[in-house]
Amino acid sequence: MAMDVVDYEIKGAEMQFVEVELDPGEAAVGEAGSMMFMDAGIHMDTVFGDGAPQQGGFFGKLMGAGKRLVTGESLFTTVYTNQTTMKQRVAFAAPFAGKILPMDLRQLGGTLICQKDAFLCAARGVSLGIALQQKISTGFFGGEGFIMQKLEGDGLAFVHAGGTVVRRTLQAGQTLLVDTGCVVAYTPNVSFEIQYVGKIKTALFGGEGLFLAKLSGPGELWLQSLPLSRLASRIFAAAPQRGGSREEGSVLGGLAGVGLLGGLLSGNDDE
């Protein structure tokens, strides 16, 4: 199936969204829950998997949806089709602070491997699958890098990454050691392995975990400075652990607490 060629505009700085312009008859595929707004002439259709035409019959569609379930995503995606005779726009918002990266799969050799929660939306015709690391060590210790998404086709796809994003080009034989959660995407010719940090003291007290991702060229690589798992762990560590809310440095919160305590001690004559 020929890929739809869509125009787009990425807006915002820390909390970005991408606005996709669809010509009559064109369509975009979005991750479930990622749509921000759309023109009235766009028709929404929720489908199993990515809605690719090669998913023949119910069993084929179920297999396509099952691949997405393995990566932790929803069984469904939503197809947004322009059914008018005029250009229409639909926007997709990033789920947390970071950057939206436009990936032209044609220029990347037709395939891109990305972390399992990175996909945001794509032009109709891009296929969404899974990429399992083949080495046993990677499977046991790869963390976020074990099961990844595979985007295939010659169209435009948009992936989301946390914090600041850097693109690295690895030459043949060049190796980079990365925290497993900081790997956003890479071209399939990049070798992905797991390497032990080397020292017990570093592994236990260094804060970086027991293993690092070892990526070797040649190929393209995208890294993020703030993985969602790292952000979530910091939020959990800062949250109250015994329920309720914590009014740090709040005069009003303190006064409200004193008033409530006084009311409980004095009783309520109205009851």
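Buried means under 20% relative accessible area, exposed means over 50%, and partly exposed covers what falls in between. Keep that in mind for the views below, which show a predicted model.

**View 1. Methionine 38 is a partly exposed residue in strand E4.** Strand E4 covers residues 35-38, and methionine 38 is part of it. Its relative accessibility is 28%, so methionine 38 lands in the partly exposed class. Looking past the neighbours within four places in sequence, you'll find methionine 38 in contact with Met44, Tyr80, Arg89 and Val90. Glutamine 88 is worth finding here too: it sits 50 residues away from methionine 38 along the chain, yet 7.8 Å is what separates the two C-alpha atoms.

**View 2. Glutamine 16 is a buried loop residue.** Look for glutamine 16 in the loop that links strand E1 (7-11) with strand E2 (17-22). Buried or exposed, at 9% relative accessibility? Glutamine 16 counts as buried, because 9% falls under the 20% cut-off. A polar atom of the glutamine 16 side chain lies 2.8 Å from the backbone nitrogen of isoleucine 100. Isoleucine 100 also turns up among the contacts of glutamine 16, once neighbours within four places in sequence are left aside; the others are Ile10, Lys11, Ala93, Ala94, Gly98 and Lys99.

**View 3. Strand E13 is largely enclosed by the rest of the structure.** Why is that said of strand E13? Seven of the seven residues in this strand, 156-162, are buried, so the rest of the structure largely encloses it. In a regular strand, side chains alternate between the two faces of the sheet. Here both faces are covered. Leu156, Phe158, His160 and Gly162 are buried on one side, while Ala157, Val159 and Ala161 are buried on the other.

**View 4. Strand E13 pairs with E8 and with E10.** Strand E8 (residues 98-104) runs antiparallel to E13, and seven bridges connect the two. Isoleucine 100, the residue we met beside glutamine 16, stands opposite histidine 160 of E13. Strand E10 (residues 119-123) also pairs with E13 in the antiparallel sense, this time over three bridges. To spot that pairing, find alanine 122, which stands opposite alanine 157 in E13.

**View 5. Six strands make up an open antiparallel sheet.** Reading across the sheet, the order is E11-E12-E9-E16-E19-E14. Which strands stand at the edges? They are E11 (127-132) and E14 (165-170), and each of them pairs on one side only. On average, neighbouring strands in this sheet are turned by 25 degrees against each other, direction ignored. Zoom in on E16 (residues 183-186) and E19 (residues 219-224), and you'll see an antiparallel pair with three bridges. Within this pair, alanine 185 stands opposite tryptophan 222 of E19.

**View 6. Three strands form another open sheet, again with antiparallel pairing.** The order here is E15-E18-E17. E15 (175-178) and E17 (191-196) are the edge strands; each has a single partner strand, so one side of each has no neighbour in the sheet. Neighbouring strands of this sheet are turned by 30 degrees against each other on average, direction ignored. Four bridges join E15 to E18 (residues 211-216), and these two strands run antiparallel. For a landmark, try threonine 175, whose bridge partner in E18 is serine 216.

Terms used
Residues numbered from 1 in each chain as written. Predicted model: local features only at pLDDT ≥ 70, side-chain atom pairs only at ≥ 80, totals over all residues. Heavy atoms only, no water. Pairing = 2+ DSSP bridges. Axes fitted to C-alpha atoms, helices over the stretch in contact; angles between N-to-C directions. Buried < 20%, exposed > 50% of the residue type's maximum accessible area, 1.4 Å probe, protein only. Polar contact = N/O pair within 3.5 Å; in protein donor to acceptor, adjacent residues only side chain to side chain. Contact = heavy atoms within 4.5 Å.
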